[in-house]
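Reader: I would like a close look at a single part of this model. Take one helix and walk me through its surroundings.

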Amino acid sequence: MRKSHPLRRVVLATAATVSGIVLLLSLKPSSDPGAAQAAGAGAAAQEAAQGGSGAVVSGTMTGDAAQTQYGAVQVRITVVNNKITKAEAVQAPKGGTSDQKTALAVPKLNADVVAKQSPDIDTVSGATYTSEGYKKSLQSAIDKANASAGSGASQGSGSAQASGTFTGDAVQTQYGAVQVRITVAGGKITKAEAVQAPKGGTSDQKTALAIPKLNAAAVAAGNADIDTVSSATFTSEGYKKSLQSALDQAGG
């Protein structure tokens, strides 16, 4: 009988050991704890930027108008399942060089919001005031989305019991802009006010006459189907349109 050579036995044993090590390595989970933590942190950050945990929010939220040195900036965001799908400026500085700066800055700011899902967006060079006003109004819109999530209100749902403060779009009239803000508690309007209204000349008198009546009517009616105030037709119509916009944000 032929005997095995001692050196050959050593080589075979070494090969078997190496094969075993390779097999063990191939069965080891490939997940990296550091990578997993980073992924979790990213998901948490995204959730916070989109309104945090809680009720799923979908709808349109308009931030408060932020006054700047060159005019008001107001941002509206569209949210679908806690994700910002669209951002737009419903008001921005205009006239003179402001037209060019607004045309340059606003599209970039809108795109940055959707990309970052956060108010932490970059200031556009050459349009600092517009950018800062935009971010303030954007934060206001996001706060409203967060408030909706906290109250469990689903925007656009007739059965939702919305609570919070909602500012309607600024409506341009022949004598100036009208913009309405409402306070809602348990789905009911508890306060209405005009944050913008025509002023100057006879507009001061008409505004002083009409706005208190319109505010009271909005609270009493709980909707935008309110009477036009005689001798303040344009202001009344603008008020009702802005009021309806605020109600739409609150879910009707």
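Author: What follows is a tour of helix H6 and its surroundings, with a short look elsewhere at the end. The model is predicted.

Start with the span. Helix H6 covers residues 233-249. Its packing partner here is helix H5, residues 202-221. The two pack at an angle of about 35°. Their axes are 11 Å apart. The crossing is right-handed.

Now the contact itself. H5 brings Ile-211, Leu-214, Asn-215 and Ala-218. H6 answers with Thr-235, Ser-236, Tyr-239 and Leu-243. By class, this contact has 5 nonpolar and 3 polar residues, and no charged ones.

Next, the core. The largest nonpolar core has 20 residues. Phe-166, Ile-182, Leu-214, Tyr-239, Leu-243 and Leu-247 touch the most other members. The elements that give two or more residues to this core are strand E7 (176-185), strand E8 (188-196), H5 and H6. Leu-214, Tyr-239 and Leu-243 also take part in the contact of H5 with H6. A second core is separate and has 19 residues. Met-61, Ala-87, Val-124 and Tyr-134 are among them.

Back on H6, take Ser-245, which lies in this helix. Is Ser-245 buried or exposed? Its relative accessible area is 13%, so Ser-245 is buried, the limit being under 20%. Leaving aside residues up to four places away in sequence, Ser-245 touches Gly-168 and Asp-169.

Aromatic pairs come next. The structure holds 2 of them. One joins the rings of Tyr-70 and Tyr-129. Their centres are 5.5 Å apart and their planes are at 70°, so this pair is edge-to-face. Tyr-70 lies in the loop between strand E2 (66-68) and strand E3 (71-80). Tyr-129 lies in helix H4 (residues 128-151). The pair therefore ties together parts that are 59 residues apart in sequence. Tyr-70 counts as partly exposed at 43% relative accessibility. Tyr-129 counts as partly exposed at 45%.

The pair of Tyr-175 and Phe-234 brings us back to H6. This pair is edge-to-face, at 5.6 Å centre to centre and 70° between the planes. Phe-234 sits in helix H6, and Tyr-175 in the loop between strand E6 (171-173) and E7, so the pair ties together parts that are 59 residues apart in sequence. Tyr-175 is partly exposed at 43% relative accessibility. Phe-234 is partly exposed too, with a relative accessible area of 41%.

How values were computed
Residues numbered from 1 in each chain as written. Predicted model: local features only at pLDDT ≥ 70, side-chain atom pairs only at ≥ 80, totals over all residues. Heavy atoms only, no water. Axes fitted to C-alpha atoms, helices over the stretch in contact; angles between N-to-C directions. Helix = DSSP H or I, 4+ residues; strand = E, 2+ residues; numbered from the N terminus. Left-handed = near helix turned anticlockwise from the far one by under 90°. Contact = heavy atoms within 4.5 Å. Nonpolar A, V, L, I, M, F, W, Y, C, P; charged D, E, K, R; others polar. Buried < 20%, exposed > 50% of the residue type's maximum accessible area, 1.4 Å probe, protein only. Core = buried A, V, L, I, M, F, W, Y, C linked by side-chain atoms within 4.5 Å. Phe/Tyr/Trp six-rings, centres within 6.5 Å; stacked < 30°, edge-to-face > 60°.
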